[in-house]
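Hi,

Here is the structure I said I would pass on. Have a look at it first, and then read on for what turned up.

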Amino acid sequence: MRSSILLAACCLLLPACDLLSPKVDQAEMEAALDEWFKNHDLEATDIHCPENQKMETGNVFSCTGDVHGVEVPVFVEVTDASTGRVEWKPKFHTMKGEEFASEIKANDAFKDHDIDVTCTDKVMVSVPKSTWKCEIVDKNEGNKVFDTTVTFTDGKGTHDIAWVEKAAG
């Protein structure tokens, strides 16, 4: 009994004392983000959210997940503290491999060609200066193979594409 009275007295004296305010469950938040990454075809590891985030409407914080060596920040906001509702969105745009394949097929260099585009990852994250590898096989040109690099220039999905014909052998 004495320690609880002392603790309450400390909290009244210290404005920064928030031991009694509800917190976002760190483990639950990380598990929810893990599920979100998986549902978006992103293979994330080392998902981390900061400890002791207040369950207070309007509280915004950042979690991270590692996607193939690229740290992907995710913004989290407590949108309704009374129900425990939180919402999140990744800081950077994601691009699915099939979107990229459609873009390559529309490129003048491959227009009207029968090509296959295979990317190392199903989804690319547009972290600025990050690079992602794909391969183009042009069946119209005797199955020529091109090593392709996608380099993102911003977090909104803007990117440069470079391809080099793979040496036969």
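**What's in the middle**

The largest nonpolar core has 38 residues, and Phe37, Phe100 and Met124 are the ones that touch the most other members. Strand β3 gives this core its largest share, five residues. Before you go further, keep in mind that this is a predicted model.

Let's stay with one of those three for a moment. Leaving out neighbours within four places in sequence, methionine 124 is in contact with His93, Thr94, Met95, Phe100, Cys119, Trp132, Cys134, Val150 and Phe152. So Phe100, another of the residues that touch the most core members, is among the contacts of methionine 124.

**The β1 to β4 sheet**

Now to the sheets. One is an open sheet of four strands, in the order β1-β2-β3-β4, with antiparallel pairing. Its edges are β1 (44-48) and β4 (85-90), each of which pairs on one side only. From one strand to the next, the twist averages 30°.

Going through the pairs, β2 and β3 are joined in the antiparallel sense over eight bridges. Aspartate 66 has glutamate 71, in β3, as its bridge partner. The two strands make a hairpin with two residues between them, and histidine 68 in the turn has a positive phi of about 50°.

Next along, β3 (residues 70-80) pairs with β4, again in the antiparallel sense, over six bridges. Two of the partnerships are easy to find: aspartate 80 has arginine 85 of β4 as its bridge partner, and valine 74 has proline 90 of β4. This hairpin has four residues between its strands, and glycine 84 there takes a positive phi near 80°.

What lies across β1, β2, β3 and β4? That is helix α2 (residues 26-39), which runs at about 155° to β1.

**The β6 to β10 sheet**

There is also an open sheet with four strands in the order β6-β8-β9-β10, and its pairing is antiparallel. Here the edge strands are β6 and β10, each pairing on one side only. Neighbouring strands are turned by 25° against each other on average, ignoring direction. Helix α3 packs on this sheet and touches β6, β8, β9 and β10, with its direction at about 145° to that of β6.

Inside the sheet, β8 and β9 pair in the antiparallel sense over eight bridges. If you want one to look up, isoleucine 136 has phenylalanine 146 of β9 as its bridge partner.

Which residues of helix α3 (residues 97-106) are buried? They are Gly97, Phe100, Ala101 and Ile104. These sit on the same side of α3 because they cover an arc of only 105° around the axis. As for what they pack against, the buried residues of α3 meet β5 (94-96), β6 (115-119), β7 (123-125), β8 (131-138), β9 (144-152) and β10 (159-165). Phe100 is worth selecting here, being both a buried residue of α3 and one of the three named for touching the most other core members.

**A few loop residues**

Some loop positions are also worth a click. Glutamine 53 is in the loop between β1 and β2. Is it buried or exposed? Glutamine 53 counts as buried because its relative accessible area is 17%, under the 20% cut-off. Its side chain makes a polar contact with the side chain of asparagine 59, at 3.3 Å. Not counting residues up to four places away in sequence, glutamine 53 touches Pro22, Lys23, Val24, Asn59 and Phe61.

Then there are two aspartates with a positive phi, although neither is a glycine. Aspartate 41 has a phi of about 60° and is found in the loop between α2 and β1. With 34% relative accessibility, aspartate 41 is partly exposed. Aspartate 112, with a phi of about 65°, is in the loop between α3 and β6. Aspartate 112 is exposed, as its relative accessible area is 74%, over the 50% cut-off.

That's the tour. Happy to go through any of it with you.

Cheers

Methods:
Residues are numbered from 1 along each chain as its sequence is written. This is a predicted model: local features need pLDDT of at least 70, side-chain atom pairs count only at pLDDT 80 or more; totals for chains, interfaces and linings use all residues. Side-chain values use heavy atoms; hydrogens and water are left out. Buried means under 20% relative accessible area, exposed over 50%, partly exposed in between (1.4 Å probe, protein chains only). The arc is that of the directions from the helix axis to the C-beta atoms. Contact means heavy atoms within 4.5 Å. Two strands pair if DSSP finds at least two bridges between them. Axes are lines fitted to C-alpha atoms, for helices over the stretch in contact, and angles run from 0 to 180 degrees between N-to-C directions. A polar contact is a pair of N or O atoms within 3.5 Å; within protein, one must be able to donate a hydrogen and the other to accept it, and residues adjacent in sequence count only if both atoms are side-chain atoms. A nonpolar core is a set of buried Ala, Val, Leu, Ile, Met, Phe, Trp, Tyr and Cys residues joined through side-chain atoms within 4.5 Å.
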